[in-house]
Amino acid sequence: AAAELERLGCACECLGGGRISHERDARRIHVYGYSVGFGRADHSVTTEKLRAKYPDYEVTWADEGY
């Protein structure tokens with residue numbers, strides 16, 4: 001994605017990675033883990049954004065897991 005953005009004249013920087021587990025029926029989202037190449041993102045920021053978008057979900061995060 002970074003290469004495509006740069007071709008369009010945009011600069012980007014990956015701040016880390018992780019995974020998202022979505023349990024639609026239970027209305028739960030869990031953010032966890034890290035990217036081998038980019039390290040761990042700040043999951044509290046991701047969780048804050050998800051809570052704003054999905055106020056009727058239980059949204060949690062943890063640094064553990066892959």
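**Reading the calls around Ser35, the tyrosine pair and Arg27**

Ser35 touches Gly17 and Gly18, leaving aside residues up to four places away in sequence. The model is a predicted one.

Student: Where is Ser35 in the fold?
Tutor: Ser35 sits in the loop between strand S2 (28-32) and helix H2 (43-53).

Student: Why is Ser35 called buried?
Tutor: Its relative accessibility is 19%, and buried means under 20%, so Ser35 counts as buried.

Student: What makes the link from Ser35 to Gly37 a polar contact?
Tutor: The side chain of Ser35 reaches the backbone nitrogen of Gly37 at 3.3 Å. The cut-off for such a pair of N or O atoms is within 3.5 Å, so this one qualifies.

Student: Good, now the rings. How many aromatic pairs does the structure hold?
Tutor: There is one. Tyr54 and Tyr57 form that pair, at 5.5 Å centre to centre.

Student: Why is the pair of Tyr54 and Tyr57 called edge-to-face?
Tutor: The angle between the planes is 65°. Planes over 60 degrees apart count as edge-to-face, so the name fits Tyr54 and Tyr57.

Student: Are these two tyrosines buried or partly exposed?
Tutor: Tyr57 has a relative accessible area of 13%, which is under 20%, so Tyr57 is buried. Tyr54, at 34%, falls between 20% and 50% and is therefore partly exposed.

Student: And what makes Arg27 worth a look?
Tutor: Phi of Arg27 is near 55°, a positive value in a residue other than glycine. Arg27 lies in the loop between strand S1 (19-23) and S2.

Student: How do you know that Arg27 is partly exposed?
Tutor: Its relative accessible area is 37%. That lies between the 20% and 50% limits, so Arg27 is partly exposed.

How values were computed. Residues numbered from 1 in each chain as written. Predicted model: local features only at pLDDT ≥ 70, side-chain atom pairs only at ≥ 80, totals over all residues. Heavy atoms only, no water. Helix = DSSP H or I, 4+ residues; strand = E, 2+ residues; numbered from the N terminus. Buried < 20%, exposed > 50% of the residue type's maximum accessible area, 1.4 Å probe, protein only. Polar contact = N/O pair within 3.5 Å; in protein donor to acceptor, adjacent residues only side chain to side chain. Contact = heavy atoms within 4.5 Å. Phe/Tyr/Trp six-rings, centres within 6.5 Å; stacked < 30°, edge-to-face > 60°.
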